[in-house]
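Welcome to this guided tour. Keep your viewer open and a selection box at hand, and we will go from stop to stop together.

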Amino acid sequence: MQACYMGQRGYTVDLFESREDIREAEHVAGRSINLALSVRGRSALRHIGLEEEVVKSGIPMHARLIHDVDGKKSTQPYGKKGEAILSVDRRKLNELLLSAAEKVDSVTLHFYHKLTHLDLDNGTLFFTDKNDKKVEAHADLIFGCDGAYSCVRRQLMRKTLVDYSQEYIPHGYMELCVPPKTGTNGEHNMELNYLHIWPRNRFMMIALPNLDGSFTLTLFMPFDEFEGIKKQGEEGVMAFFKKYYPDAIEKIGVQNLKDTFNSSTSLPLVSVKCSPYHYQDKAVIMGDAAHAMVPFYGQGMNCGFEDCLVFNEIMDQHNGDFAKVLPHFSTFRSPDAQAMCDLAMYNYVEMRALVNSRWFLFRKKVDRLLNWLLPSKYIPLYSMVTFSRIRYHVVINKWKKQDKVVNNGLILLGFSALGMLVWLVSRGQQIKYTRLTEMLTQRIHDFF
Ligand SMILES: Cc1cc2nc3c(=O)[nH]c(=O)nc-3n(C[C@H](O)[C@H](O)[C@H](O)COP(=O)(O)OP(=O)(O)OC[C@H]3O[C@@H](n4cnc5c(N)ncnc54)[C@H](O)[C@@H]3O)c2cc1C
């Protein structure tokens, strides 16, 4: 994405990628098969003319569809009518971006080039190629978009004072698949336009639809639970699914389920925060290299794409003067990305546990009502993150303020209702007393 942005601005760009050209690969190993794309990612794609094409091949998901243990289902809309996140194919998206970058005359792609180290002061990059041959390249400006375990970030930390923190959560993930309905030509075997969630408090499973009729399921769970199940072999897997996900067994298929557990391992999830993102006017990191986050808000890629848009906006402000652009980008973007890392952690609790709570569901309804009444003043948290480009750190501040006001309002309402009830009851009793006195007086009167 950043190669497209810089290429379209007229810079000569060399893009180095350690792996093969994904467009020619038979099988792509690695992370989730599909991703949720939302407004921030779409805005960045729009700027380089790719939004329409990506959206065309995405599947809109308007709401969460919650599966409880008894197989009962309920829905929770994501936003207002017409608002949806899109399930997009990770590989297809990468292919589109590579082809778009290649179309720009000033961009050259180099595959099988693994960066081993850098000389940041001289702008020299050292790679090993497919045949383990050493290759050197030179650049006036280096963009480190090399993921959560970034080599560029490591070098940056040696050259400048970088605040850095990294957190592995005790939960890992494993991917499973719900194939298309048997005997159909790619018909989906569950409701299509939803993000399916099986929340089970300590862990959860989710599913996103694919264009070929399948669903990709992701099981998020503490590593020790994964290990415990695996130790018990196939029986352990079946017992676990019968207990927690009985309605999913038939959809996944018993053999498919056993095979997946046999052949896969649970993968780790890391959250990375750091600041600054740059070294002088020579290098800057973006995307997961700068702010890897746990995937529970579906914002990792969206936030990375938005980095490119933000960088581009800052380039406009400083007429492409890198000595000003890079520090500005660091100070502007890092509080937002750090806020998003925190929100992503929070959303795991929401997805695996809170969605089961009556209070939470009631609050969601109140949020939607207030948003309907005051659309520009009151925006629910999920909508601010997913359907707007409000800066992430502002989102957190607004969310806390809104929450305080609504909670206080609800408490006040609760006390008022209680007061009213007490008044009504006491009034009722007064009436009863009055009637009783009237009755007794009458009886005494009759007696005499
Ligand atoms: C299970 C899961 C589900 C997710 N779901 C979503 C979602 O729904 N929505 C969303 O927005 N985000 C999601 N994410 C997050 C998203 O995948 C990442 O935020 C995004 O892929 C980051 O992109 P990136 O380009 O910064 O890094 P990466 O995707 O990691 O790409 C880095 C690239 O750099 C290359 N590279 C690395 N080291 C070197 C080197 N030394 N030399 C040369 N090349 C190198 C790699 O080969 C790779 O191609 C999810 C993540 C996970 C784990």
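Between which two helices is the loop where Asn319 is found? Select Asn319 and trace the chain both ways: the loop runs between α11 and α12. Bear in mind throughout that this is a predicted model.

**Stop 1: Asn319 and Asn201**

Stay on Asn319 for a moment and check its backbone. Its phi is near 50 degrees, a positive value in a residue other than glycine. Asn319 is exposed, because 8 other C-beta atoms lie within 10 Å, and a residue with 12 or fewer counts as exposed.

Now select Asn201, which sits in the loop between β13 (194–199) and β14 (204–209). Here too phi is positive, at about 65 degrees, although Asn201 is not a glycine. With 10 other C-beta atoms within 10 Å, Asn201 is exposed.

**Stop 2: a cis peptide bond**

Next, show the backbone from Ser275 to Pro276. The peptide bond that joins them is cis, and its omega is near 0 degrees. Pro276 belongs to the loop between β16 (267–275) and β17 (278–279).

**Stop 3: the ligand**

Centre the view on the ligand and bring up its shell. You should find 26 residues around it, with Gly147, Gly287, Pro295, Gly300 and Met301 the closest. The elements that contribute two or more residues to this shell are β2 (34–37), β8 (114–119), α10 (288–291) and α11 (300–317). Colour α11 separately, since it is worth a look: it supplies the largest share of the shell, 4 residues. Colouring the shell by residue type should give you 10 nonpolar, 10 polar and 6 charged residues.

**Stop 4: helix α2**

Two of the elements from the last stop come back here. Select α2 and highlight Arg40, Gly41, Arg42, Ala44 and Leu45, which are buried. Which elements do the buried residues of α2 pack against? Show β2, α3 (51–56) and α11, and you have the packing partners. Then move on to Gly49, which follows α2 and has a positive phi, near 75 degrees.

**Stop 5: the N-terminal helix**

Jump to helix α1 (residues 2–8) and pick out Ala3. Is Ala3 buried or exposed? It is buried: 25 other C-beta atoms lie within 10 Å of Ala3, and 20 or more is the threshold for calling a residue buried. Beyond its neighbours within four places in sequence, Ala3 is in contact with Val13, Leu15, Ala101 and Val107. For a sense of scale, draw a distance from the C-alpha atom of Ala3 to that of Asp70: the two are 67 residues apart along the chain and separated by 49 Å.

**Stop 6: the two domains**

Finally, zoom out and colour the chain by domain, using 2–344 for domain 1 and 358–448 for domain 2. Their C-alpha centres are 42 Å apart. Where the domains meet, 16 residues of domain 1 are in contact with 13 residues of domain 2. On the domain 1 side, the elements that give two or more residues are α2 (39–47) and α12 (322–352). α12 gives the most to that side, with 5 residues. By type, the domain 1 side of this contact holds 8 nonpolar, 5 polar and 3 charged residues.

Technical notes
Residues numbered from 1 in each chain as written. Predicted model: local features only at pLDDT ≥ 70, side-chain atom pairs only at ≥ 80, totals over all residues. Domains from an automatic or database assignment. Contact = placed C-beta atoms within 7 Å. Nonpolar A, V, L, I, M, F, W, Y, C, P; charged D, E, K, R; others polar. Near = placed C-beta within 6 Å.
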